[in-house]
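Reader: Hey, got a minute? I'd like to go through this one with you.
Author: Sure, let's put it up and start with a term we'll need.

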Amino acid sequence: MRVPPLALARQMVHAIAVNTDALNRTTERIGTGRRLLRPSEDPTSVAQALRWQNALALSQGDGRRLEQTLAFPEAMDTLLLQGVEVLQRARELLLMAQNGTLSSEQQATLAEEMEGLRQELLRIANTRLGGRSLFAGTQVFTQPFDEGGAYQGSDEVAQWEASPFVALPLALSGRWVFQGEEDLFGVMEEAQQALRIGDASALPSLLSRLDRGMAHLLKVEARLGAQIRQGERLREGLTQEATTLQGRLSVLVDADLAEEAIAWRLKEVALQATLLATVRLLPHTLVEVMA
Amino acid sequence: MSLMVALRTALQSLLSHQAALMVTAHNTANAQNPTYSRQVARLQAAPFPWPLPEGGDGEGTGVRVAEIGRQHDALLEALLRTSGGQVAYWKTLRESLERVEEGVQEPSAGSLADSLTAFFQAWRDVASEPGNEGARATLLEQAQGLLEQASALRKHLLQEQRLVVLQAEQEVEELNRLLAQVAQKNGEIAAARAAESWPNDGLDARDALLRGIAERLSIQVHPQPNGTVLVMAAGQELVAGTRPRTVRLLREGEGALQFVLEDTGEPLQVGEGRLGALMDLAREALAEFAQGLERWLEGLLRTVNALHTRGYGLEGSTGLPFFVQEGQGWRVNPELWAQPERIAASETGAPGDGHIAAAIGRLAEEEPGPLQGYTAWVGRVAGRVRATRTTSEALEEVHRSLSNRRDAVSGVSLDEEMVDLMRFQQAYNAAARVLQAVDQLLSTLLQRL
């Protein structure tokens with residue numbers, strides 16, 4: 001077959017272009033650290049990468065949101081424990097009054113303290129975090145209880161569904177927490193009055209009502225604690241999930257630098273060989289021999 | 001044979017080999033000309049003039065150049081035209097689709113998929129803290145960002161559609177120029193044939209012009225006895241003899257393109273080639289991508305709006321759409337920009353409720369959902385680019401191989417030319433030597449007289 005210099009040159013130029021292009025792409029991969037430079041290089045991997053990327057971002061976002069949101073149930077938990085302490089002190093006061101050995105002055109002091117405790121419980125119930133009431137249900141901008149202990153919030157729990165299985169409460173219904181089993185503010189008000197007038201007969205029933213209310217508060221606290229633990233477990237799960245997703249995404253989109261470096265070297269050798277062949281082969285005609 | 005005839009024979013040889021040397025020089029000069037076909041001086045023994053003069057014995061009278069021909073394969077040339085048209089078709093498709101792909105930029109930070117996730121993240125942030133003004137302001141920013149990204153991609157597609165029309169206009173102009181030039185070459189070649197000369201360079205130039213036409217549309221070339229060619233496209237004459245026809249570009253609605261013959265207004269069947277690719281791009285690929293993106297975006301925005309209008313803002317407002325249509329595009333409801341508290345995150349109207357925001361946030365994971373819709377769109381673009389690139393590369397390989405075969409037949413080999421140079425030079429020297437010998441014979445005779 002006749003191989004005129006024009007055909008030879010075309011072949012050589014094509015070979016140089018192919019090798020240069022391959023080298024250029026490898027250089028681009030090394031430079032950017034990315035395996036996929038354009039969607040058309042691997043459409044399936046790109047579609048998969050977009051899914052992982054979205055899942056990773058959501059998982060990291062959920063983790064961050066969980067971190068911020070857990071502050072609400074944690075604050076409520078602390079407040080409820082404080083509430084239990086207040087109730088325990090109220091219980092002690094009632095027990096002291098019940099043994100019937102106190103003077104009317106001492107009883108008046110107990111009544112004063114009882115009123116103080118009621119105010120303390122009201123303060124706890126009306127606590128706000130970040131400008132939002134913790135015990136007003138979904139009416140987060142409303143003060144849950146007025147001075148008289150009347151509930152003004154919502155009975156609906158404000159909650160965030162961190163996952164299809166975990167819903168974190170952001171604000172509980174104050175009516176359910178503090179007045180669910182017994183109206184604790186009412187009980188304390190009655191106790192204060194009974195102490196003030198020295199009505200010892202009312203005390204046993206008030207004591208048992210206080211006990212029931214306290215037991216309810218403890219139950220709520222226990223449930224809240226369980227929800228917090230659930231949230232923490234979810235947070236750990238999300239961190240783990242993010243690591244797994246990061247790994248999967250990395251396999252799809254990140255360049256393996258060692259592999260690319262070797263590929264680069266091989267392609268560089270191929271290009272050099274082509275250039276050398278071009279330089280050596282093209283000038284070989286009878287013209288030089290004749291000269 | 002008389003000495004005078006011998007003298008003439010030597011002279012014939014000198015002239016013929018001089019002509020052959022000229023052809024070799026022409027070949028050598030065009031060794032790097034890709035459209036050139038090697039020319040060959042065909043030498044033929046010159047017979048003794050008939051009827052034989054008295055005493056003549058019918059011996060030859062030397063050599064003459066019977067023809068200066070081209071080394072040319074018409075079948076290969078036709079194959080090259082077809083394959084050139086196919087390569088041009090797929091290359092045009094590929095270049096345009098690759099430009100579209102450059103605007104997609106997936107997967108990367110700051111891409112549309114990224115903005116879409118960020119948009120849903122912002123809704124989730126609002127869901128986790130419905131009363132947080134900061135989260136609401138961020139949501140509005142992210143929504144605006146998403147719309148801007150989608151709009152940039154839409155503009156990119158629109159720009160490509162405009163580019164296709166512009167390219168079609170230029171290609172039609174070039175096609176008309178080529179058709180006119182073929183007609184002109186037809187005239188020159190017919191005149192040269194009539195004058196019994198060899199218009200080899202004209203034939204090469206016309207072949208190159210025909211290849212140029214074939215790159216733009218599918219043609220059939222019919223050689224005529226007078227040396228001209230009849231150029232047809234799907235049964236319609238484009239060039240007959242020295243008469244070219246003109247092609248015109250018609251723009252139909254929605255960016256579709258149509259090519260017609262200027263004189264009759266008949267639509268032209270362009271087949272493969274650049275014009276076919278541009279027509280297909282305008283009618284199918286680009287229109288399909290633009291509509292796909294439009295449908296996806298509208299679906300997403302309407303889904304968000306449907307949920308949002310059901311919800312309540314912090315101050316109790318309801319029934320507000322999150323996105324509103326403005327002319328051809330969409331924007332975030334200006335009422336929400338003015339009062340972010342009107343973003344309807346709540347399902348019940350209670351400010352601590354974030355169920356609507358959570359429902360919109362959950363769209364991010366829904367299957368089939370907005371992300372899947374967008375991923376499928378990217379997949380369609382990427383798949384099309386990949387398939388086009390593969391076909392284009394395969395056809396380019398075929399074309400290269402055909403070009404090499406053409407060069408193997410028609411290309412100039414300097415080695416061959418150098419050998420010919422030596423051959424003809426030697427023949428020329430030999431003829432000169434014969435001339436010298438006859439001259440000596442004549443001198444001998446003259447000295448004796």
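Author: A salt bridge is a side-chain nitrogen of Lys or Arg within 4 Å of a carboxyl oxygen of Asp or Glu. Keep in mind too that this is a predicted model.

Reader: Okay, so what does R362(B) form a salt bridge with?
Author: Its partner is E161(A), and the closest N and O atoms are 3.4 Å apart. That counts as a salt bridge because the cut-off is 4 Å.

Reader: And how many salt bridges are there between chain A and chain B?
Author: Seven between chain A and chain B. Over all chains, the structure holds 59.

Reader: Why would side chains pair up like that anyway?
Author: Side chains of opposite charge can pair when their charged atoms come close.

Reader: Got one inside chain A? Which residue does E112(A) meet?
Author: E112(A) meets R196(A) in a salt bridge, at 3.5 Å from N to O. This pair ties together distant parts of the chain, 84 residues apart: E112(A) is in helix α4 (residues 104–125) of chain A, and R196(A) is in helix α6 (residues 184–197) of chain A.

Reader: Back to the two chains. How many residues does each chain bring to the contact?
Author: Chain A gives 47 residues and chain B gives 61 residues. Between them they bury about 4600 Å², with 57% of it on carbon and sulfur atoms.

Reader: Which three residues of chain A supply more of that area than any other three?
Author: R2(A), L6(A) and L50(A), which supply 15% of the area that chain A buries against chain B.

Reader: Switching topic: at what angle do helix α2 and helix α3 of chain A pack?
Author: Helix α2 (residues 43–69) and helix α3 (residues 71–98) of chain A pack at about 20 degrees, and their axes are 5 Å apart. Angles under 35 degrees count as roughly parallel, so α2(A) is roughly parallel to α3(A).

Reader: Which residues meet there?
Author: From α2(A) you have E67(A), Q68(A) and T69(A), and they meet A71(A), F72(A) and P73(A) in α3(A). By class, that contact has three nonpolar, two polar and one charged residues.

Reader: Anything odd in the backbone? Is the peptide bond from E106(B) to P107(B) cis or trans?
Author: That bond is cis, with omega near -15 degrees. P107(B) lies in the loop between α2 (74–102) and α3 (112–128) of chain B. Q105(B) is in the loop between α2 and α3 of chain B as well, and Q105(B) has a positive phi of about 50 degrees although it is not a glycine.

Reader: Hm, why point those out?
Author: Because most residues other than glycine have a negative phi, and most peptide bonds are trans. Another cis bond joins E367(B) and P368(B), with omega about -5 degrees. P368(B) sits in the loop between α8 (355–362) and α9 (370–410) of chain B.

Reader: Last thing: where in chain A is confidence lowest, and where is it highest?
Author: Lowest in helix α9 (residues 286–290) of chain A, at a mean pLDDT of 71, and highest in helix α5 (residues 174–179) of chain A, at 94. The mean pLDDT is 90 for chain A and 91 for chain B. The model scores ipTM 0.81 and pTM 0.84.

Key: Residues are numbered from 1 along each chain as its sequence is written. Chains are lettered from A and ligands numbered from 1 in the order in which they are written. This is a predicted model: local features need pLDDT of at least 70, side-chain atom pairs count only at pLDDT 80 or more; totals for chains, interfaces and linings use all residues. Side-chain values use heavy atoms; hydrogens and water are left out. pLDDT is the predictor's confidence in each residue, from 0 to 100. Helices (H or I, at least four residues) and strands (E, at least two) are DSSP runs, numbered from the N terminus. Axes are lines fitted to C-alpha atoms, for helices over the stretch in contact, and angles run from 0 to 180 degrees between N-to-C directions. Angles under 35 degrees count as roughly parallel, over 145 as roughly antiparallel, 65 to 115 as roughly perpendicular and the rest as oblique. Contact means heavy atoms within 4.5 Å. Ala, Val, Leu, Ile, Met, Phe, Trp, Tyr, Cys and Pro count as nonpolar, Asp, Glu, Lys and Arg as charged, and the others, Gly among them, as polar. Buried area is the accessible area (1.4 Å probe) that two parts lose on being put together, summed over both.
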